[in-house]
Amino acid sequence: MSDLTIDPISLEIMLNALRSVADETYNALTRSAYSTNIKERRDHSTAVMDANGRLVAQAENSLPVHLSSMAGLMRALLDKYPGAEIREGDIFVSNDPHVAGGSHLPDINLAMPVFVNGRCLAFVCNIAHHADVGGMVPGSIAGGMTEIYQEGLRIPAVKLFDQGQLVRDIFDILLLNVRVPDERKGDYNAQIAACRLGERRMQEFAGRHGPETLETAFGEIIRRTEDRLRRAVSEIPDGTYSFEDMMDDDGCENYDIVIRITVRVRGGRISFDFAGTAPQTAGNINAPINASHATLCYVLKALVDPDVPNNEGVLNVCEMIAEPGTLVNCVAPAPCAARANTCQRIVDVVIGALKDALPEAAVAASNGANTAAVYSGARPDSGETYVYLETIGGGFGGRAAKDGTDGVQVHSTNTSNLPIEVMETEYPLRVSRYELVQDSGGAGEHRGGLAIRRDVEPIGHVCNFSGQGERFRHAPWGLFGGSSGKTGRFALILGSGRETRLSGKPMSVEVPPGVTISAQTAGGGGYGDPEKRSADRCQEDFDSGKFSPEFMKRHYGFR
Amino acid sequence: MTWTVGVDVGGSFTDFFAVNEHDGRTAVHKVLSTPQNPAQAIIQGLREMCDDHGIATHAISRFSHGTTVGTNALIQRKGARVALVTTSGFRDLLEIGRQTRPSIFSLQLDHPAPLVPRGLCFELDERTGPGGEIVRSPSDVGILETIDRVRESGVDACAVCFLFSFAADSNERRIAAALRKGIPGLYVSRSSDIYPEIREFERFSTTVLNAYLQPVFDEYLTTLESVLGEIIPSAAIGINQSNGGLTSIGTGRDYPVRTILSGPAAGVLGSIHVALESSYKNVITLDMGGTSADVGLVREGEADLSTSRDVAGFPVRLPMIDIHTVGAGGGSVAWIDRDGLLKVGPRSAGADPGPACYGRGGVEPTVSDANAVLGRLDPSGLLGGKMKIDLDAARNAIRLVAEPIGHSVEATALGISDIVVANMVRAVRRISVERGYDPRDYTLMSFGGAGGLHAVEVGRMLGIRKVVVPHSPGILCAMGLVVADMKEDLVRSTRLPVTDGNLESLRPVLEGLAKDLDDWFEAERIPGCDRDCQIALDMRFVGQNHELRVPLPDASVDSAPSGSRLTDMFLTEHRRCYGYANADDRIEIINVRLTGFGRRRRDSSRERKRSNRELKCPRPVTVRPVLFDIATDTPADTPVFDREVLEPGQWLRGPAVVRQLDSTTILGPGDILLVDEHRNLVIDVS
């Protein structure tokens with residue numbers, strides 16, 4: 001690296017251009033992909049990394065959990081391929097959490113080097129959640145699996161393109177192992193196009209500023225972000241803070257799995273020690289270290305400086321301590337398809353630990369889950385297989401200055417729903433209800449947000465349903481006197497209206513027409529003493545019908 | 001019957017532009033806006049303009065109006081109390097939206113609360129399926145009960161939004177008709193009427209917004225119609241819409257949401273007019289004002305349209321001129337972020353207190369202060385000296401950010417200018433490069449108070465070779481209104497496979513649309529010779545979810561286009577936008593669009609008076625030091641020209657400053673300016 005220094009004005013202009021590259025590739029991927037996961041739910045991210053694999057800039061709408069998966073892929077890739085084997089026009093692909101830095105198999109990672117004057121200047125990366133990567137159940141996410149081999153195709157870091165030429169053999173293997181290959185091919189094409197677009201833009205960018213200046217800028221951007229976040233951390237009172245919470249279960253009949261954290265803050269340094277957390281478990285809620293680390297980055301940013309840019313500097317500040325073989329740092333062959341549920345719980349646990357240090361920023365426990373529902377089956381008209389995955393939002397925790405948001409994706413996930421009209425047009429399913437759940441938000445001076453209920457019924461065929469629920473046993477807790485939110489549940493509703501409750505992580509349940517699958521998430525916990533809730537807010541809760549007269553009377557003495 | 005008048009009501013000024021269709025004479029006028037009752041300024045200005053220019057009021061045959069009444073009512077939450085009637089099981093749809101938060105990392109930010117409180121959302125047991133099949137019709141009892149509930153709630157307006165009403169609207173129609181009949185005076189907006197397109201949340205949101213604005217807008221239009229009826233009884237009144245076309249008062253009353261972004265749309269129309277006069281067909285527009293900059297793209301003389309956009313946090317799905325707004329204006333504040341980087345905007349010092357250099361108590365460093373320090377603003381002030389420049393205040397403000405980053409005041413001012421340019425460049429890339437258009441093939445048309453100060457630099461950064469500053473950048477919106485056509489967008493959401501051979505399945509859809517369009521032509525009394533229409537198809541690969549719009553320029557409503565031709569057109573468009581296309585994949589049509597125009601007859605015989613005078617080189621009115629490059633560190637003595645005395649055919653070489661009443665244009669060293677025959681400044685970027 002050269003000794004150039006870059007002033008804060010030029011650096012701002014270059015950072016602006018780098019973000020523009022990341023955003024442009026993000027938008028191109030959204031618009032041209034095939035999976036509903038990508039095109040509607042926006043379960044994808046794009047980024048620019050430097051030649052050493054350090055994250056420099058991420059698209060504005062990128063997902064936190066993808067932050068360190070990209071860094072993980074880059075480490076795996078650079079370990080495997082010596083510099084001379086990385087050539088212009090190469091595109092690398094990977095997804096494996098255990099050997100290629102991924103966080104679960106459906107997230108397919110692509111990286112392409114950007115060459116300028118014959119030298120590798122940077123990489124452009126993108127991650128997209130494919131609707132299916134093969135394995136035991138459609139959608140590749142369901143409870144009951146005990147090894148990663150059951151979760152789908154494992155891809156180490158390999159070349160999908162070699163100097164601009166598609167490696168057909170690899171691509172054939174990728175496509176043969178998935179349930180709807182045509183759709184996946186469309187997704188790969190969109191990801192490949194996004195890589196190439198990023199490469200072109202980065203080359204234009206280097207043409208304007210010169211590669212040496214850019215390399216210096218990359219380092220400077222990361223350094224400044226790290227300094228900035230450390231300054232924010234130094235405003236947290238020094239101390240040691242602990243908290244624990246429990247996962248409901250792992251889908252293999254292991255219940256109440258502990259996540260424990262000890263946060264140590266001293267003069268601008270912060271470490272997150274998971275000592276006391278349960279060992280990795282049989283079911284698929286294990287989190288690879290990259291997923292856990294990305295989650296810590298999310299929650300630290302959200303608590304102390306939400307606007308800090310997303311780059312390697314953030315990763316550097318978050319020190320994570322966790323024994324390999326634990327729930328938050330699992331090793332092969334642990335299954336980890338549903339790691340997002342665990343990540344959501346890590347967020348709650350960290351906030352729980354820091355609540356007294358940061359009472360204004362802290363929020364009560366939220367839905368704390370990434371409630372997933374996967375529907376699959378044979379289309380009644382054509383007999384073709386379909387797989388459709390959705391995740392359902394819930395209640396956000398009550399906040400220091402206002403109520404928690406009702407019916408929303410919380411914390412480290414922010415994926416859109418699929419419009420009902422699009423879903424029913426594309427799949428033989430009918431939504432009969434999509435609504436907020438009365439009385440589900442915990443009472444408090446600022447109450448928790450309401451949960452969501454979504455009822456879906458198969459049309460003209462027997463649907464195969466798998467689900468991943470969390471906070472169905474352990475309710476989202478309130479803060480500073482607020483009460484807990486209501487737990488969620490999966491159930492089948494028969495034609496007679498009778499309800500049969502399913503487990504929290506049902507696998508491959510056969511659902512005939514006339515039977516409704518009902519998914520209900522958890523509501524957020526309340527913040528502060530319910531007695532302090534203003535009469536106006538109580539009136540509003542009552543008038544809106546969001547809370548029943550009984551609830552209002554019991555928690556607020558309101559009538 | 002010869003005058004057409006365009007009136008654009010803005011936040012500060014109400015602008016008038018009139019053109020005599022016979023002899024091409026024009027008139028311009030400007031009065032202060034009267035936000036409490038916008039019609040007041042319109043009447044006053046109209047009278048003054050007619051007096052000043054000797055225009056007989058009965059000679060005004062057309063009156064085209066751009067209004068922000070709807071936009072303001074939304075921003076200030078002064079719309080109606082609205083109820084929603086929706087499909088049973090979905091009363092929370094508006095509130096859940098797409099179940100996302102506006103910013104993933106913020107624990108505090110929320111989307112705005114819905115315009116219909118939950119207590120006013122009423123469910124009705126009914127259902128339509130994706131193929132337009134009626135799964136359940138509402139019962140008579142259900143309808144009666146719903147009407148009672150809406151009546152009891154005492155609302156002014158009601159939105160009727162059912163799932164899949166875009167595919168079959170009979171359930172929605174039934175309840176809407178029953179509501180109108182059962183509750184006289186109630187404003188009813190129904191989603192299958194407002195914009196019958198797939199995606200329930202966006203359609204519902206658009207419909208609710210329409211209902212929310214209807215009573216306010218109706219009251220305004222009624223007032224306007226009655227006062228204009230007295231002054232200019234023979235004029236046809238047109239209301240400008242966000243799609244860049246006009247509509248009648250009657251239609252405007254029913255669809256106020258269509259006007260929600262009509263202001264910026266008029267600016268783009270004005271640009272098109274100026275551009276076509278000077279024979280530029282491909283133009284990027286840059287309207288930089290006090291708080292923000294709007295950019296748009298014009299291809300072959302037509303503005304690009306987009307159908308989805310958020311307005312004040314609410315999604316609106318309607319065809320709108322595709323304008324990207326960025327927080328980069330003269331009042332944008334410079335600040336130092338926590339990582340020590342210098343940022344500009346999006347926060348603005350606004351008009352009050354405004355930039356420090358205007359001496360109204362502002363102390364924060366803004367883009368205008370940077371321009372003052374650099375010598376780009378006339379020290380004697382704007383508006384002919386009415387707004388003096390306080391250079392010391394500007395320097396003091398810039399020093400607030402210069403010291404922490406260890407730069408001189410001058411270097412920092414240049415940096416602020418560079419950053420605001422970079423922010424606008426990013427916005428232009430959004431609407432050009434990211435849509436597959438190369439800005440180097442375009443001319444940059446700059447207007448708004450601050451546009452001329454930065455346009456040449458923005459052009460330079462994008463590789464644009466020509467920048468045009470129109471003759472009257474301050475009244476471009478009013479000018480746009482005068483040249484606007486009447487316009488109606490019709491759409492049918494349908495799902496048709498693109499097969500080989502002629503697409504017979506398209507024919508009934510087109511026929512249905514054509515019938516609706518005929519009704520519109522009749523209702524708006526558009527003479528046959530002015531009628532025109534365009535067909536476009538939204539297409540995608542089967543399995544994709546974002547459609548690409550493919551216009552069919554030479555198609556007609558009574559012939560079915562060939563499938564192979566459509567395939568070719570779609571693949572070309574996909575390649576252009578995304579860089580690839582899979583020729584083997586199946587393609588489907590999702591929306592069929594028919595846009596009707598009542599073309600405004602343009603008098604082509606109008607001839608401009610050419611000047612026969614011998615041209616002299618323009619003479620600067622003064623010379624003042626302006627800083628262009630920090631490397632030289634000393635401001636260069638730069639000639640200053642008055643716009644008013646620049647004659648067509650004259651040219652000059654930068655560095656130079658061209659000043660006029662409400663704006664300033666800056667040329668860098670080596671840039672060459674030519675005044676064209678329409679008195680536009682045409683700048684060749686060096």
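In strand β17 of chain B, Met320(B) is the bridge partner of Ser306(B), and I would like to start from that pair and work outwards. Please keep in mind that this is a predicted model, in which local features need pLDDT of at least 70 and side-chain atom pairs count only at pLDDT 80 or more, while totals for chains, interfaces and linings use all residues. Residues are numbered from 1 along each chain as its sequence is written, and chains are lettered from A and ligands numbered from 1 in the order in which they are written.

Strand β16 of chain B, residues 305-311, is joined to β17(B) by 6 bridges, and the two run antiparallel; strands pair if DSSP finds at least two bridges between them. When I speak of helices and strands, I mean DSSP runs numbered from the N terminus, with H or I over at least four residues for a helix and E over at least two for a strand. Between β16(B) and β17(B) the hairpin has 2 residues, and Ala312(B) takes a positive phi near 50° there. Is β17(B) enclosed or not enclosed by the rest of the structure? Because 7 of the 8 residues of this strand, which spans 314-321, are buried, β17(B) is largely enclosed. Here a residue is buried if 20 or more other C-beta atoms, placed from the backbone, lie within 10 Å of its own, exposed if 12 or fewer, and partly exposed in between.

Staying in chain B, let us turn to two helices, α9 (residues 262-277) and α14 (residues 476-483), whose axes come within 7 Å and cross at roughly 75°. The axes are lines fitted to C-alpha atoms over the stretch in contact, and angles run from 0 to 180 degrees between N-to-C directions. These two helices are therefore roughly perpendicular to each other, a term for angles of 65 to 115 degrees, where under 35 is roughly parallel, over 145 roughly antiparallel and the rest oblique. Among the residues that meet are Gly263(B) and His273(B) from α9(B), and Leu476(B) and Val483(B) from α14(B), contact being C-beta atoms, placed from the backbone, within 7 Å. By class, this contact has 8 nonpolar, 6 polar and no charged residues, where Ala, Val, Leu, Ile, Met, Phe, Trp, Tyr, Cys and Pro count as nonpolar, Asp, Glu, Lys and Arg as charged, and the others, Gly among them, as polar.

How many residues does each chain bring to the contact between chains A and B? Chain B gives 52 residues and chain A gives 61. On the side of chain B that touches chain A, the largest share, 7 residues, comes from α12(B), and by class that side has 20 nonpolar, 15 polar and 17 charged residues.

Chain A itself has 12 helices and 20 strands, and 65% of its 559 residues count as buried.

Finally, some backbone details. Most residues other than glycine have a negative phi, and most peptide bonds are trans. Gln163(A), in the loop between β6 and β7 of chain A, has a positive phi near 45° and is exposed, with 9 other C-beta atoms within 10 Å. Gln99(B), in the loop between α3 and β6 of chain B, also has a positive phi, near 55°, but is buried, with 25 other C-beta atoms within 10 Å. A cis peptide bond with omega about 0° joins Ala332(A) and Pro333(A), and the bond from Gly654(B) to Pro655(B) is cis with omega near 10°.

Note on methods. Contact = placed C-beta atoms within 7 Å.
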